[in-house]
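Work through the three exercises below with the sequence and the coordinates open. Each task is followed by its solution in steps.

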Amino acid sequence: MKTRVTEILGIKYPIMQGGMQWLTGAEFAASVCNAGALGTINASVFDKVEDLRLEIRKLKNMTDRPFAVNISMLPETTENELTDDYFQAVFEEKVKIIETAGRNPEKYIPDIKKHGVKLIHKVPAVRFARKAQEIGADIVTIVGYECAGHPGMDDVASSVLIQKATGVLDIPVMVGGGIVDGRGLVAALAWGAEGVVMGTRFIATKECPINTKFKEWIIQAKETDTILIQRSIKNTLRVMKNKAALKVLEMEKKGATLEELMPFISGKVGKKALAEGNLERANFAIGQGIGLIREIKTVQEVIEDTIKGAEETLLRLNTIVG
Ligand SMILES: Cc1cc2nc3c(=O)[nH]c(=O)nc-3n(C[C@H](O)[C@H](O)[C@H](O)COP(=O)(O)O)c2cc1C
């Protein structure tokens, strides 16, 4: 499979593993890279930039394939915001691919280009995708309503976003949100995407360092078992529909402020609950694709089955077309 995305990133398959905070550290990303897709680690989980450097070095020791570092940028006003330091560390560690998300990375573009780094910018709307092209991103990823994490404020499905984006952009576009197998990959390519980003599918893998109870929940979950929270603070988040999420939603309906919501939406609560296997206690980002995932697999199986499934889908389509 060759697309501009595989060429630019130097990967075998047009599949990127979405960065998923502390769930996708060096070991996880290496297993993705070694199976031919693009593994990603997240910078924002490191309170100390030195620890990010160590994680990058660890990953380099585990694979000689390309990988990405995701820098999910918080609002500039956030206390202890480390974005500048993350970029510096990533440049110094000679990382070749950065994925940004959260806000416009324009101010970092000169340095990104100077260091010969490829930039993927992830956005939830076509207007932001246009902007990404304008400022010089190499690839833009568009994520839609189905996706885990932040689908933006517009409630538009990935299928529509990708067709719209590829219609108006010249740079290659990847799509994420609800893609879990080969059918999804072929559909994405048919819509004009040159690669896919998969997050939710990779949670239900043997390697994902999350409590097994979450994986078992996923393989029996329905596509309706997620919910959108944080819309009132303009930071919509798709999460598992559980007690914690319903509580946040109820607080939002009553007009809770960001300060009031903070103790219930902070990532720190999530980390503990994920490790302990407490399914109700914290907000857990997960996409509607859960309704399609019926098996816990290894990372390699997910990737190989996606490619095999894509080939089978193409054969089936050929018989339809004749
Ligand atoms: C548990 C979890 C945590 C995530 N954390 C981040 C993050 O910190 N930054 C980011 O850009 N995307 C994050 N994502 C989103 C993924 O990188 C990816 O864009 C998304 O999962 C793709 O949609 P899908 O889940 O439908 O495959 C997260 C997703 C999950 C499931």
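**Exercise 1.** Find which element gives the largest share of the shell around the ligand.

Solution. Helix 9 gives the largest share, three residues; helices (H or I, at least four residues) and strands (E, at least two) are DSSP runs, numbered from the N terminus. The model is predicted: local features need pLDDT of at least 70, side-chain atom pairs count only at pLDDT 80 or more, and totals for chains, interfaces and linings use all residues. Residues are numbered from 1 along each chain as its sequence is written. Next, take the whole shell: 30 residues surround the ligand (C-beta atom, placed from the backbone, within 6 Å of it). Gly18, Ala148, Gly199, Thr200 and Gly287 are the closest. By class, the shell holds twelve nonpolar residues, 15 polar and three charged. Nonpolar covers Ala, Val, Leu, Ile, Met, Phe, Trp, Tyr, Cys and Pro; charged covers Asp, Glu, Lys and Arg; the others, Gly among them, are polar.

**Exercise 2.** Locate Gln21 and classify its exposure.

Solution. Gln21 sits in the loop between strand 1 (15-17) and helix 2 (26-34). Its phi is positive, about 50°, although Gln21 is not a glycine. Count neighbours: 18 other C-beta atoms lie within 10 Å, so Gln21 is partly exposed (buried: 20 or more; exposed: 12 or fewer; partly exposed: in between; C-beta atoms placed from the backbone).

**Exercise 3.** Repeat this for Lys234.

Solution. Lys234 belongs to the loop between strand 9 (226-229) and strand 10 (237-240). Lys234 has a positive phi of about 55° and is not a glycine. Lys234 has 9 C-beta neighbours inside 10 Å and therefore counts as exposed.
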